[in-house]
Amino acid sequence: MNNFTFNVGTDIRFGKDRLGELAPVLTDFGKTILLVYGGGSIKKNGLYDRVLKELSDFHIIELAGVEPNPRIETVAKGAKLCAENKVDAILAVGGGSTIDCAKAVAAVYGSPKEEPWAVIEKRNYDGPALPIVTILTLAATGSEMNRGAVITNWQTNQKLGMGGKNLLPKVSFLDPQNTYSVGKYQTAAGSADIMSHLFENYFNNTPATDVQDGISEGLMRTVTKNCPIALKTPTDYDARANLMWASTLALNGLTGNGKGGAWSCHAMEHELSAFYDITHGIGLAILTPRWMHHVLNEENAPKFAQYGRNVWGITETVPMMAARMAIQKTYDYFKACGIPMTLPEVGIEDDSKFEEMAKQAVAYSAIATDAFVPLQVEDVVKIYQASMTEQSYL
């Protein structure tokens, strides 16, 4: 296990009906608030009205319409609103995209002399930032308790991760009831995103990380148990609560600190989203089994077998066979959740852009040198190509 520092100071307010605490929380920062939200679902489910009622004594400026893959133009618009209105804090109400956008707004606002995309391109932001408070409505990214964000530049087909110590939300409200209205497709996509965060940290070459791996396996079992329940019964509080808390813990540093390496599937999926604007979690679900199969070898088969035993209850004793069974279980699970498992099903009909996408995936990450199994451009292309058709791994 590597040296690490673990200090995640987000004040989590988890549970039912805690919006009465929102006004006192925001008062600590000021009375002028930028309210950031997405496509309007919070208006349909009544959360928007409840928030405004709690904040009736505040001056609210709205940044609405944040995209599922938040765009730099929206970030720039938000930063401009902050400057024009002398905003004291940002309140993000939504899922990971909304919270990511809020973080980027805080960073761009804190860098008035730089072009917005230049702030994102630096990847590591160490400047000042407005305080961020979140109300989570989708279990997926864990953005409510981490310092990272992912922003898209559609003009250049770039989707880049960035982050900084001052972008950690100060307070996050996690009420599972706010996810009741999330549809089956987005619930499944969010669960795939959680699983991918766990996979990216779990399949790693850093030795002696039993604690991190054990926590990851437990969270994976939690997701695979509770996602089908939430899909069948959207208002099952316990299922929604377990998914929400698993999402938060999957990417707050708990399972990744003490490890090195690079994330492979996220690097590849960011290119899918940047070129085709598909749902992030869906892209991850499609790519993950193909990546697993592509990198599987005699040396790492025991790790995949461990995953199969401890998450899926596989009893096969031959590591390579157990590994293949685990990959098949992963594929079958995503498919059973209603996730389209080929690229043509999400509108990617040909491979004409795969080479360009693969080059960017390698260029914008360390997957060629630091990944669980290093990936070159030709490897990424093969994984994209394998994602074009149905697959079997047994």
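1. The second largest cavity has a mixed lining: four nonpolar, two polar and three charged residues. Here Ala, Val, Leu, Ile, Met, Phe, Trp, Tyr, Cys and Pro count as nonpolar, Asp, Glu, Lys and Arg as charged, and the others, Gly among them, as polar. The lining consists of Arg-13, Gly-15, Arg-18, Leu-19, Ile-135, Phe-173, Leu-174, Asp-175 and Asn-178. The space inside is about 40 Å³. A cavity is a set of points, on a 1 Å grid over the protein atoms alone, where a 1.4 Å probe fits but cannot get out; lining residues have an atom within 4 Å of a point. A volume is the space filled by probe spheres set on the points, with grid points joined across faces, edges and corners.

2. A note on the basis. This is a predicted model, in which local features need pLDDT of at least 70 and side-chain atom pairs count only at pLDDT 80 or more, while totals for chains, interfaces and linings use all residues. Residues are numbered from 1 along each chain as its sequence is written, and side-chain values use heavy atoms, with hydrogens and water left out.

3. The structure has three cavities of 30 Å³ or more. The largest holds about 70 Å³. Its lining is Leu-138, Ala-139, Thr-179, Val-182, Thr-187, Gly-190, Ser-191, Ile-194, Arg-240 and Leu-243. By class that gives five nonpolar, four polar and one charged. Both α7 (184-202) and α9 (237-250) supply at least two lining residues. The largest share, four residues, belongs to α7. Helices (H or I, at least four residues) and strands (E, at least two) are DSSP runs, numbered from the N terminus.

4. α7 also packs against helix α10 (residues 264-276), at an angle of about 135° and with the axes 8 Å apart. Axes are lines fitted to C-alpha atoms, for helices over the stretch in contact, and angles run from 0 to 180 degrees between N-to-C directions. α7 and α10 are therefore oblique to each other. Angles under 35 degrees count as roughly parallel, over 145 as roughly antiparallel, 65 to 115 as roughly perpendicular and the rest as oblique. On the α7 side, Asp-193, Ser-196, His-197 and Glu-200 meet Ser-264, Cys-265 and His-266 of α10. Contact means heavy atoms within 4.5 Å. The class split is one nonpolar, four polar and two charged.

5. A second helix pair is α11 (residues 280-295) with α13 (residues 319-336), packed at about 170° with axes 10 Å apart. That makes α11 roughly antiparallel to α13. α11 contributes Ala-285, Pro-289, Arg-290, Met-292 and His-293, and α13 contributes Arg-324, Ile-327, Thr-330, Tyr-331 and Phe-334. Six of these contact residues are nonpolar, two polar and two charged.

6. The second largest pocket holds about 260 Å³. Of its 16 lining residues, Asn-204, Asn-205, Asn-300, Lys-303 and Phe-372 are the closest to its centre. A pocket is an open set of points with protein on both sides within 12 Å along at least five of seven lines. α8 (210-232) and α12 (301-312) each supply at least two lining residues. α12 gives the most, with three. The lining divides into five nonpolar, seven polar and four charged.

7. On annotation, UniProt (unreviewed entry) places "domain: Alcohol dehydrogenase iron-type/glycerol dehydrogenase GldA" at residues 10-176. That span is 31% helix and 25% strand, and its end C-alpha atoms lie 18 Å apart. UniProt also lists "domain: Fe-containing alcohol dehydrogenase-like C-terminal" (unreviewed entry) at residues 187-388. There the composition is 65% helix and 0% strand, with end C-alpha atoms 23 Å apart. UniProt positions are in the numbering used here, feature names are shortened, and annotations may be inferred rather than shown by experiment.
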